[in-house]
Amino acid sequence: MLLWPRFQLAMDVHAESIKRATSAISTRGAASALGLSNGADVASKQSTAPHMLTQRFGQFLQGILTLSRDAGDDEPVGNSLGRLRGEFEAFLTKVDKGFGSAGERKRERFLGNNYSLILTIMGDTGGKLAADTREHFESLRDGVGGI
């Protein structure tokens, strides 16, 4: 119980960090602002590789899921992860808009690659919360025609 306020603080700091990253990019310049492209034609030069933030988010997510694997009450952790996941998905959506309408196929590949990376990092982490999270990202990946 003593660790809970610290845990909430850590989750708040991570969520705020992702929110700042999201607001730091403009939809037109998302690729160049994030180092994904340096050319004038953003949609043709933007990479569909997973973003580096996806790797970090996936590792953090996997760590929290591993720690909560045997927890009896997933609700507080689940709520915090849901908030963090929402910020991360908003970030990916904004980066995704950098492809523009001409890059619809690339947009789908970009999102699919990011969701697949998260699922790969999560691996076979056990527990109810991990299973729910895995199902969520599988549905997102499948919804964009993922890998």
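In this predicted model, the second largest pocket is lined by 10 residues, of which G78, R85, L129, D132 and T133 lie nearest its centre. The space within this pocket amounts to about 150 Å³. Two helices, α5 (75–96) and α7 (128–143), each contribute at least two residues to the lining of the second largest pocket. Sorted by class, that lining comprises 4 charged, 3 polar and 3 nonpolar residues.

The largest pocket has a volume of about 190 Å³. Its lining consists of H14, S17, I18, A21, L53, R56, F57, F60 and L84. At least two of the lining residues of the largest pocket come from each of α1 (4–23) and α4 (52–67). In this lining, 6 residues are nonpolar, 2 are polar and 1 is charged.

Helix α7, which supplies part of the lining of the second largest pocket, was examined further. The 16 residues of α7 should span 22 Å at 1.5 Å a residue, and the C-alpha atoms at the ends of α7 are indeed 22 Å apart, so the expected and computed spans agree. Within α7, the residues L129, A130, T133, R134, F137 and R141 are buried. These residues lie on the same side of α7, because the arc that they cover around the axis is only 130°. In an α-helix there are 3.6 residues a turn, so residues three or four places apart point the same way. K128, E135, D142 and G143, on the other side of α7, are exposed. The packing partners of the buried residues of α7 are α4, α5 and α6 (104–122). Two of these buried residues, L129 and T133, are also among the residues nearest the centre of the second largest pocket. Just after α7, G145 adopts a positive phi of about 70°.

Helix α4, against which the buried residues of α7 pack, also contains T54. The relative accessibility of T54 is 0%, and T54 therefore counts as buried, the cut-off for this class being under 20%. When neighbours within four places in sequence are left aside, T54 is in contact with F88, L92, N114, L117, I118 and I121.

Technical notes:
Residues are numbered from 1 along each chain as its sequence is written. This is a predicted model: local features need pLDDT of at least 70, side-chain atom pairs count only at pLDDT 80 or more; totals for chains, interfaces and linings use all residues. Side-chain values use heavy atoms; hydrogens and water are left out. On a 1 Å grid over the protein atoms alone, a cavity is a set of points where a 1.4 Å probe fits but cannot get out, and a pocket is an open set with protein on both sides within 12 Å along at least five of seven lines; lining residues have an atom within 4 Å of a point. Grid points are joined across faces, edges and corners, and a volume is the space filled by probe spheres set on the points. Helices (H or I, at least four residues) and strands (E, at least two) are DSSP runs, numbered from the N terminus. Ala, Val, Leu, Ile, Met, Phe, Trp, Tyr, Cys and Pro count as nonpolar, Asp, Glu, Lys and Arg as charged, and the others, Gly among them, as polar. The expected span of a helix is 1.5 Å times one less than its number of residues. Buried means under 20% relative accessible area, exposed over 50%, partly exposed in between (1.4 Å probe, protein chains only). The arc is that of the directions from the helix axis to the C-beta atoms. Contact means heavy atoms within 4.5 Å.
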